[in-house]
Amino acid sequence: MKVLVPIKRVIDYNVKARVKPDNSGVDLTNVKMAMNPFCEIAVEEAIRLKEAGTATEVVVVTIGAKASQEQLRTALALGADKAIHVETEQNLESLHIAKLLAKVVEQESPELVILGKQSIDSDNNQTGQMLAALTNRGQGTFASKVVIENGKVNVTREVDGGLQTVALNLPAIVTTDLRLNEPRYASLPNIMKAKRKPLEVIAADSLGVDLAPRIELVSVEEPAKRSGGIIVEDVAQLVEKLKTEAKVI
């Protein structure tokens, strides 16, 4: 069984994002970049499926500028067998990404696609669902447990009332939640081996997808700074402030 894992290059989650002075976007100058944390979980799950003998090949794919190959090499060092880079310098929307991934799915024919439920930069939580619709595959979102047996993938997901398990016929799309697993670290020997693993580069324009923007970015601004709290002397003063200042009662 072949498993395809889309990954994304984002600002490292330990870095505080800065807005450009002209509010045209996020300033990426000299900023440390990394693999999206939810994508790390997806890569880990795919590798575990391979180690368990369920999967025979793990292919990772990313869409973006040439620098995104750094994250592909990281995934290869973690245990993926092959990488695909759909190269473009254009800022793409979720639908663009899903359509490009659909072309890769058509090319690679994986039985299972595992991807993070969302990225920590745009935070849209859309690509997995769009990809499932475009490829006409069943989807299991926000997976906290994935079990493959009898030609089906059983996905346990958290819902408001507790846990829900859905059984999907393969081929299928699964998006990962935080509690699915704990990603491993790449060892130095595996990092060196990753340099010799195959990495295919495909120009995004060659896949026949309309990449014209549908959304206009008007402005990017930092959230308003929170003001400090106050200490009240008694309940009566608290109620008074809630009435007159906060106006919540």
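This tour moves from the whole protein to one residue, N154.

The model is predicted: local features need pLDDT of at least 70, side-chain atom pairs count only at pLDDT 80 or more, and totals for chains, interfaces and linings use all residues. Residues are numbered from 1 along each chain as its sequence is written, and side-chain values use heavy atoms, with hydrogens and water left out.

**The whole protein**

Begin by selecting the whole protein, whose C-alpha atoms fill a box of roughly 70 × 45 × 40 Å along the principal axes. In cartoon view, look for six helices and 13 strands; these are DSSP runs (helices: H or I, at least four residues; strands: E, at least two), numbered from the N terminus.

Of the 249 residues, 42% are buried, a term for under 20% relative accessible area (exposed is over 50%, partly exposed in between; 1.4 Å probe, protein chains only). Contact means heavy atoms within 4.5 Å. Among contacts between residues at least 6 apart in sequence, 70% join residues at least 24 apart.

**Residue N154**

Next, select residues 152–159, which form strand β10, and find N154 there. Is N154 buried or exposed? N154 counts as buried because its relative accessibility is 18%.

Now display the side chains of N154 and E149, which make a polar contact at 3.3 Å. Such a contact is a pair of N or O atoms within 3.5 Å; within protein, one must be able to donate a hydrogen and the other to accept it, and residues adjacent in sequence count only if both atoms are side-chain atoms.

Finally, add K145, V146, V147, T165, V166 and A167, which are among the residues in contact with N154 when its neighbours within four places in sequence are left aside.
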